[in-house]
Each structure stands twice: as C-alpha cells, then as structure tokens.
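Let's take a walk through the pockets of this structure and then look at a helix beside one of them. Have the viewer open and follow along.

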Amino acid sequence: MTISKPEVQVPLKAPPARPPKELLSSSTFLLHRLSWAVKERKLEAFESTGLNPMHYAVLSLLAAGTRETQATLADALAYARTYLVGVLDELEERGLIERRRDPVDRRRHLVKLTPSGRETLTELRSITKRFEKEFLAPLDAEERETLHVLLLRLAAHHDARFAEH
C-alpha cells in the first residue's frame, strides 16, 4: 500500500490593491504619491551618510555662494527659520559649515561651507544623481528632460523662487 502525501498548496499572493481609476486619472494625486515615494527612498539613499535631503539642500545652496545668512538660507529653501537652525546645528556639529556673527549686524549669523562640507556635498551629489537615475529609470533621456521642464514650469507658477530671473 502506498500512502501519497497531500500536495501542499501555497496560497497565491493577491496583487496589491490599486487606487480607483478616478485617482489614477488625477495628475495631482500621482504627483502627491510620487512625492511620498521620492521622500522615502531618498531618505534611504542618504541614510549611510547620516545626513538627509534637507542637509543636502543647505550645503548645495551654500556652495552656490548666493546666500550666506541664516535668514536668506531659510527663505531660499522655504524652511521655517527655527527649523533651519536645527539643520545648521547638525551640519556645524559635523564640521560641514561654520557660523559666525555678522560684523555689520550682530543680530545676524553668517554661514559658510567648510572644506569638509564641500567634500560631503560631492558625495551627496553623487548619491542624488544615482537616486534620480534609478527613480526615473522607466523614462528615456528625452522624457526625463520633458518631465523636468514641466515640473520646473509648475514650480515657478506656484512659487516665484523657481522662476528664472
């Protein structure tokens, strides 16, 4: 007599639930969802550095050399001034920036990128390029350029800081 073993059936995974067509047809819904995906994945990409995209934005702005006070940095990045102070504290603790009182106006703090900050910015730029390449992989170069132009136009329409001067 042969006893056969019953076959073990592995339940099939159901496909993930999709949003309704109404939401999928909404460009703003898609932008919102993608913004969350970008934020989450970019934080993961920066994790090994101990920094985050907000640190990168400050370092990048300082490297451009157009802003040097805490207030102008906060305004350019649309960060609350009190929030920016915390970001600057973290960067200063790591030796990536220096802050000093403005000799002309002692109420203001001038912020400067250090050589170590420049090196770190190079690393963060590399991470950002890799991240963008991976995130935008489904698009070819022409589609990426078109997307960028359209996003920049939308950003400039809703926020004058993004407009070309």
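Before we sort any residues, here's the bookkeeping: Ala, Val, Leu, Ile, Met, Phe, Trp, Tyr, Cys and Pro count as nonpolar, Asp, Glu, Lys and Arg as charged, and the others, Gly among them, as polar. Also keep in mind that this is a predicted model.

Start with the second largest pocket, which holds about 160 Å³ of space. Its lining is made up of Thr69, Gln70, Ala71, Ala74, Arg81, Leu84, Val85, Arg108 and His109. H4 and helix H5 (81–93) are the elements that give two or more residues to that lining. Sorted by class, the lining of this second largest pocket comes out as 4 nonpolar, 3 polar and 2 charged residues.

Now for the largest pocket, with a volume of about 2,000 Å³. Here 39 residues form the lining, and Val38, Lys42, Glu132, Leu151 and Phe162 lie nearest the centre. Helices H2 (27–46), H3 (53–64), H4 (70–77), H6 (115–135) and H7 (141–158) each supply at least two lining residues, with H7 giving the largest share, 9 residues. The class split for the largest pocket is 26 nonpolar, 4 polar and 9 charged.

H4 turned up in both linings, so to speak of its own packing: Gln70, Leu73 and Ala74 are buried in H4. These three sit on the same side of H4 because they cover an arc of only 95 degrees around the axis. The cover over the buried residues of H4 includes H3, H5, strand E1 (97–101) and strand E2 (109–113). Just after H4 comes alanine 78, with a positive phi near 60 degrees.

Methods
Residues are numbered from 1 along each chain as its sequence is written. This is a predicted model: local features need pLDDT of at least 70, side-chain atom pairs count only at pLDDT 80 or more; totals for chains, interfaces and linings use all residues. Side-chain values use heavy atoms; hydrogens and water are left out. On a 1 Å grid over the protein atoms alone, a cavity is a set of points where a 1.4 Å probe fits but cannot get out, and a pocket is an open set with protein on both sides within 12 Å along at least five of seven lines; lining residues have an atom within 4 Å of a point. Grid points are joined across faces, edges and corners, and a volume is the space filled by probe spheres set on the points. Helices (H or I, at least four residues) and strands (E, at least two) are DSSP runs, numbered from the N terminus. Buried means under 20% relative accessible area, exposed over 50%, partly exposed in between (1.4 Å probe, protein chains only). The arc is that of the directions from the helix axis to the C-beta atoms. Contact means heavy atoms within 4.5 Å.
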